[in-house]
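Work through the exercises below with the sequence and the coordinates open. Each task is followed by a solution in steps.

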Amino acid sequence: MREAVLLTPGPLTTTLATKTAMLTDWGSWDARFNQLTASICHDLLQIAEVGADYCCVPLQGSGTFAVEAAIGSLVPRDRELLVLVNGAYGQRMAKMAQVMGLKVQVLAVTDGIPVSAAAVKEALAANPAISHVGMIHCETATGLLNPVAEVASVVQAAGRGLILDSMSAFGALSIAGLAFDALISSANKCLEGVPGMGFVIVKKTALQVGRSPSLSLDLCDQYEYMQKTGQWRFTPPTHVVAAFRAALDQYLAEGGQLARLARYQANGDLLAAGMAKLGIKPFLVPPLQAPIIYTFYAPAHPEYKFQRFYQAVCQRGFLLYPGKLTEVETFRVGCIGAIDQAEISQAIAAIGDALLELGWL
Ligand SMILES: *Cc1c(COP(=O)(O)O)cnc(C)c1O
């Protein structure tokens with residue numbers, strides 16, 4: 001039987017080539033392994049389309065570790081971070097900065113409403129202590145695409161730095177020409193690697209020795225050590241790195257960002273149309289929807305429980321994702337990973353079949 005298809009925002013369904021790349025045990029002192037790391041950083045900088053004033057710093061851990069590393073390594077202790085919040089990942093960014101002891105100002109709007117560049121402009125004018133603005137590119141909690149270009153130009157015009165959590169967008173959504181100090185993503189989202197490492201594309205001048213309050217999450221130290229030795233500080237996730245190399249090879253062979261976006265958009269359009277046919281309503285209006293993960297209102301049946309729905313769809317070979325909204329009952333369906341329209345149509349059939357069996361259609 002085929003493995004379950006993951007309709008989630010990561011970990012994702014990966015290809016056999018990506019999985020089999022993990023069958024080698026690498027030594028962390030092996031020059032060929034260092035070459036693997038260097039080639040990944042090289043390709044990530046190319047995908048980001050940045051110049052020689054940026055570097056790529058890979059980091060062990062899940063994506064959150066890399067976001068925390070970027071904030072701690074960039075925001076000066078005596079300045080403030082403005083965080084734009086319209087969902088759970090924005091909230092997490094504000095919380096991690098507070099935990100680090102940084103002064104944080106939160107600009108929050110309701111989940112499902114895009115953050116506003118005009119409000120950012122006002123907030124920056126009112127508070128000169130703010131050195132950086134933190135925002136989420138695609139807010140995975142709802143699937144909403146935030147107006148990154150507009151916010152980035154406001155932040156740049158105000159002479160501040162943008163820290164962009166592009167975790168669930170990088171590689172699929174364009175960032176060409178975007179002004180940022182740091183952009184964070186991880187191996188297991190749109191680049192379709194496996195979980196275990198994140199990376200930060202960061203302006204070299206934004207890294208300063210001794211600024212990070214953490215040893216293991218110090219991007220400046222990680223970068224300088226890697227420059228000197230070619231190695232990661234501390235044990236690298238060797239198998240994850242090898243799988244990421246394989247995933248990037250496939251990404252480039254597929255045609256890069258435009259091809260990846262086209263596949264995800266086709267997946268997403270098919271998903272939205274199929275769910276509409278089942279009478280399941282989307283949480284977001286189409287212009288706000290990124291082709292990454294979709295939030296749907298739960299069927300309005302009094303006995304609806306996500307767990308039962310999940311089990312019924314799981315038995316048919318597809319893994320759904322729970323909703324992340326506090327006010328309304330929702331569930332999420334991802335359309336990223338090594339899947340295309342064939343898997344999406346099968347998933348819609350499985351969801352319809354499960355709803356029929358449960359009597360919720
Ligand atoms: C996945 C994701 C993260 C990181 O989550 P981890 O569970 O730590 O990998 C951060 N921000 C966004 C927007 C994400 O989608």
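**Exercise 1.** Leaving aside its neighbours within four places in sequence, which residues is Glu80 in contact with?

Solution. The model is a predicted one. Start by locating the residue: Glu80 belongs to strand E3, which covers residues 80-85. Next, set aside the neighbours within four places in sequence; Glu80 is then in contact with Val75, Lys103, Gln105, Asn127, Ala129, Ile130, Ser131 and His132. Finally, classify its exposure: the relative accessible area of Glu80 is 11%, so Glu80 counts as buried, the cut-off being under 20%.

**Exercise 2.** Determine the strand order of the open sheet that contains E14, and find what packs on this sheet.

Solution. The sheet has three strands in the order E11-E14-E13, and the pairing is antiparallel. Strand E11 (293-297) and strand E13 (321-322) each pair on one side only, which makes them the edge strands. Between E13 and strand E14 (residues 330-334) there are two bridges. Across this pair, Pro322 stands opposite Phe331 in E14. Helix H9 (residues 256-277) packs on the sheet and touches E11 and E14. The direction of H9 makes about 10 degrees with that of E11.

**Exercise 3.** Identify the residues that touch the most other members of the largest nonpolar core, then examine Ile201.

Solution. This core has 46 residues, and those touching the most other members are Leu44, Val120, Phe170, Leu191, Ile201 and Phe244. Beyond four places in sequence, the contacts of Ile201 include Leu44, Leu45, Ala48, Val50, Phe180 and Leu183. Another core, of 35 residues, lies apart from the largest one; among its members are Met96, Ile163, Met167 and Cys220.

Methods
Residues numbered from 1 in each chain as written. Predicted model: local features only at pLDDT ≥ 70, side-chain atom pairs only at ≥ 80, totals over all residues. Heavy atoms only, no water. Core = buried A, V, L, I, M, F, W, Y, C linked by side-chain atoms within 4.5 Å. Buried < 20%, exposed > 50% of the residue type's maximum accessible area, 1.4 Å probe, protein only. Contact = heavy atoms within 4.5 Å. Pairing = 2+ DSSP bridges. Helix = DSSP H or I, 4+ residues; strand = E, 2+ residues; numbered from the N terminus. Axes fitted to C-alpha atoms, helices over the stretch in contact; angles between N-to-C directions.
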